[in-house]
Amino acid sequence: MDHFKEIYSGYKHRVYFFVAKYLTEEEDIEEIVQDIFMHVWKHLSKKHSPSEIEALIFKAAKQEISNFYRKRKMIFVPLESSPENQQEEESSEIEKQLQQEDQLKKIESLLEQVPEKSREFFIKNKIQNLSLFMIAQENDISKTAVEKHVNKVLKFLRANLNFFF
């Protein structure tokens, strides 16, 4: 019993703050910490070295946090969608679709700014899924040259898309 009290007083704050990184509700944190030390109590023997005890504690912590989220996920699965939720979901989907269309237009306008050959190679490789080797053969150039064209377009898009997102 004294051995467990020592362990508890030595680790209670570390375990609490470890769990608090993953959970926000005070009650949930305290419950998980209690479950962790119950697990340690059940599986502790005097043969354990300090490093084994610490490993046991934090392994139990990870398992208890995972169990908490697994249970929580099962509890909050909606059985039926209410009409209000369906309307919100539909408007959210429409909003997402509009954002995607806007993003695609931005990408298309950026692609218009790159050299024609580079754009053509990029589209064939990234959109039509043709290999660099196939594109190189079609155009009688090296695979490395095609790769440089595609990478140049990618670099340009990344640099300019940062302004939009």
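These legends accompany several close-up views of a predicted model.

Residues are numbered from 1 along the chain as its sequence is written. Because the model is predicted, local features need pLDDT of at least 70 and side-chain atom pairs count only at pLDDT 80 or more, while totals for chains, interfaces and linings use all residues; side-chain values use heavy atoms, with hydrogens and water left out.

**View 1. An all-helix chain, α-α-α-α-α-α-α from the N terminus on.** The chain has 7 helices and 0 strands, taken as DSSP runs (helices H or I, at least four residues; strands E, at least two) and numbered from the N terminus. Of its 165 residues, 26% are buried, meaning under 20% relative accessible area with a 1.4 Å probe and protein chains only; exposed is over 50%, and partly exposed lies in between.

**View 2. Tyr 8 meets Phe 37 across helices H1 and H2.** A search of the whole structure finds 8 aromatic pairs. Rings of Phe, Tyr and Trp (its six-membered ring) pair if their centres lie within 6.5 Å; planes under 30 degrees apart are stacked, over 60 edge-to-face, and the rest tilted. Tyr 8 and Phe 37 are edge-to-face, at 4.8 Å centre to centre and 70 degrees between the planes. The two residues sit 29 residues apart, Tyr 8 in H1 (residues 2-20) and Phe 37 in H2 (residues 26-43). Tyr 8 is partly exposed, at 35% relative accessibility, whereas Phe 37 is buried, at 4%. Ring pairs also link Phe 4, Tyr 8, Phe 37 and Trp 41 into a cluster.

**View 3. Phe 18 and Phe 58 bring H1 and H3 into the same frame.** This pair is edge-to-face too, with 5.3 Å between centres and 80 degrees between the planes. Phe 18 in H1 and Phe 58 in H3 (residues 50-75) are 40 residues apart. Both rings belong to buried residues: Phe 18 has 13% relative accessibility, and Phe 58 has 15%.

**View 4. Helix H5 crosses helix H7.** The axes of H5 (residues 116-127) and H7 (residues 143-161) come within 8 Å and cross at roughly 90 degrees. That crossing makes H5 roughly perpendicular to H7 (65 to 115 degrees; under 35 is roughly parallel, over 145 roughly antiparallel, the rest oblique). Among the residues in contact (heavy atoms within 4.5 Å) are Phe 121 and Phe 122 in H5, and Val 150 and Leu 154 in H7. By class, the contact has 7 nonpolar, 3 polar and 4 charged residues.

Terms used. Axes fitted to C-alpha atoms, helices over the stretch in contact; angles between N-to-C directions. Nonpolar A, V, L, I, M, F, W, Y, C, P; charged D, E, K, R; others polar.
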